[in-house]
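The two exercises below concern helix packing and the contact between domains. Each task is followed by a solution in steps.

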Amino acid sequence: MRIFSGIQPTGRKHLGNYIGAISQYVAAQDRGEALFCIVDLHAITVPYEPTELRERLYDTTAILLAAGLDPERCMLFRQSDVKEHTELTWLLCSVTELGRLQRMHQFRDKSLSQRELVSAGLLLYPVLQAADVLAYRANEVPVGEDQREHLELMRDVARRFNARFGDGEEVLVVPEHRIPEVGARIMDLQDPTRKMSTTGAGGTAGAAGGQGTVYVLDEPAAIEKKLKGAVTDSGSEIRRDAEKPGVSNLIEILAAVRGVVPETVEAEHAQARYGEFKTAVAAAVADYLAPARERYVELRADEARIESILQGGAERAQAIASQTLADVRERMGLGAPRAGGPAATSGTLDTVRR
Ligand code: AQP
């Protein structure tokens with residue numbers, strides 16, 4: 001089983017990223033061959049500062065290491081270090097429908113909120129994401145709920161490539177997404193109708209001054225302040241209900257960080273008042289994030305080690321991706337023919353499918 005996922009180098013990862021994705025990455029190391037990529041090429045699709053980008057990439061790497069990614073048990077690397085991602089993006093463009101890209105929710109939302117140039121990169125973002133995964137013939141992609149649409153596109157791109165160029169073989173593996181049952185979509189604490197995000201309403205640039213987003217590196221006092229200030233609803237019952245998005249979100253958060261089902265949280269807090277419940281959620285979230293926050297400082301200080309981990313991961317990842325690209329180029333009739341032609345790839349494909 002090969003598992004792949006990518007994460008943006010936004011530096012300040014939040015509780016939603018941690019529950020929806022990072023905790024799944026850590027667990028994936030025990031379930032198969034795991035690859036995790038920090039997607040700096042995706043980050044340049046919106047306005048950014050080049051020097052900041054490198055710093056935030058190191059911050060993000062240190063957070064992942066602090067959370068429990070172990071370079072001995074996974075390949076952790078920087079997307080731009082493996083050139084096969086960009087080459088495969090271009091090749092996959094030939095089997096990607098333009099209209100579908102234009103209709104993607106993320107493209108529509110982000111292009112509407114863009115004050116400057118809406119780059120072609122923003123439109124092609126999901127194709128690069130497809131290339132990230134398909135280059136490794138990954139079987140599974142752990143992500144949060146917001147990535148479901150991109151995963152569906154990725155699966156269609158793989159199927160379409162195989163139908164057009166595969167000659168009956170699965171040249172590209174059609175991956176499955178792995179979305180957690182609890183905590184797949186953590187909502188903003190100040191506006192629980194929107195997902196918790198880095199750039200969203202309650203995030204860094206938000207009117208609420210970032211109070212809607214809990215960051216992995218927040219001190220316990222900040223976590224407590226944000227959770228105690230979380231928007232709840234009229235009424236007093238601790239139960240999930242579409243009419244009670246604030247309380248429902250807090251139930252989901254507490255269930256996810258404690259590793260229990262939401263029903264357990266509802267039963268245990270049936271008699272609690274909102275204030276008591278929020279205090280309990282704040283304490284559990286602070287405990288949940290504390291180990292990563294405490295390990296982070298030392299890990300972040302050693303940039304030479306971070307760089308060496310990223311380069312080591314990229315070398316191992318590239319060894320896999322270059323084989324896929326050789327097969328894809330051969331199937332598409334690009335470059336000099338390989339000895340034996342497409343049939344010569346079957347050995348590789350059989351190995352991958354097992
Ligand atoms: N609110 C969320 N709940 C659960 N999972 C989430 N993810 C993101 N938000 C939530 C999952 O985290 C992984 C990494 O996402 P990313 O690389 O897009 O990181 P980001 O840019 O920091 O995430 P944001 O905050 O979601 O970005 P913006 O501000 O651009 O909207 C993914 O697997 C994602 O599903």
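**Exercise 1.** In this predicted model, determine how the axes of helix α6 (residues 105-113) and helix α7 (residues 120-134) are placed relative to each other.

*Solution.*
Step 1. Two packed helices are described by the angle between their axes and by the distance between those axes.
Step 2. The axes of α6 and α7 come within 9 Å, and they cross at roughly 160°.
Step 3. Angles over 145 degrees count as roughly antiparallel, so α6 is roughly antiparallel to α7.
Step 4. The crossing in which α6 passes α7 is right-handed.
Step 5. On the α6 side, the residues in the contact are Gln 106, Phe 107, Lys 110 and Ser 111; they meet Leu 122, Leu 123 and Tyr 125 of α7.
Step 6. Sorted by class, this contact of α6 with α7 holds four nonpolar, two polar and one charged residues.

**Exercise 2.** Describe the contact between domain 1 and domain 2 of the protein chain.

*Solution.*
Step 1. The domain assignment gives 2-183 + 302-353 as domain 1 and 220-300 as domain 2.
Step 2. Taken over C-alpha atoms, the centres of the two domains are separated by 32 Å.
Step 3. Domain 1 contributes 19 residues to the contact, and domain 2 contributes 16 residues.
Step 4. The size of an interface is often given as the accessible area lost when the parts come together. Here domain 1 and domain 2 bury about 1,400 Å² between them, with 64% of it on carbon and sulfur atoms.
Step 5. Within domain 1, the residues that lose the most area to domain 2 are Leu 15, Ala 66 and Val 182, which together make up 38% of what that side buries.

Note on methods. Residues numbered from 1 in each chain as written. Predicted model: local features only at pLDDT ≥ 70, side-chain atom pairs only at ≥ 80, totals over all residues. Heavy atoms only, no water. Axes fitted to C-alpha atoms, helices over the stretch in contact; angles between N-to-C directions. Helix = DSSP H or I, 4+ residues; strand = E, 2+ residues; numbered from the N terminus. Parallel < 35°, antiparallel > 145°, perpendicular 65-115°, else oblique. Left-handed = near helix turned anticlockwise from the far one by under 90°. Contact = heavy atoms within 4.5 Å. Nonpolar A, V, L, I, M, F, W, Y, C, P; charged D, E, K, R; others polar. Domains from an automatic or database assignment. Buried area = accessible area lost by both parts, 1.4 Å probe.
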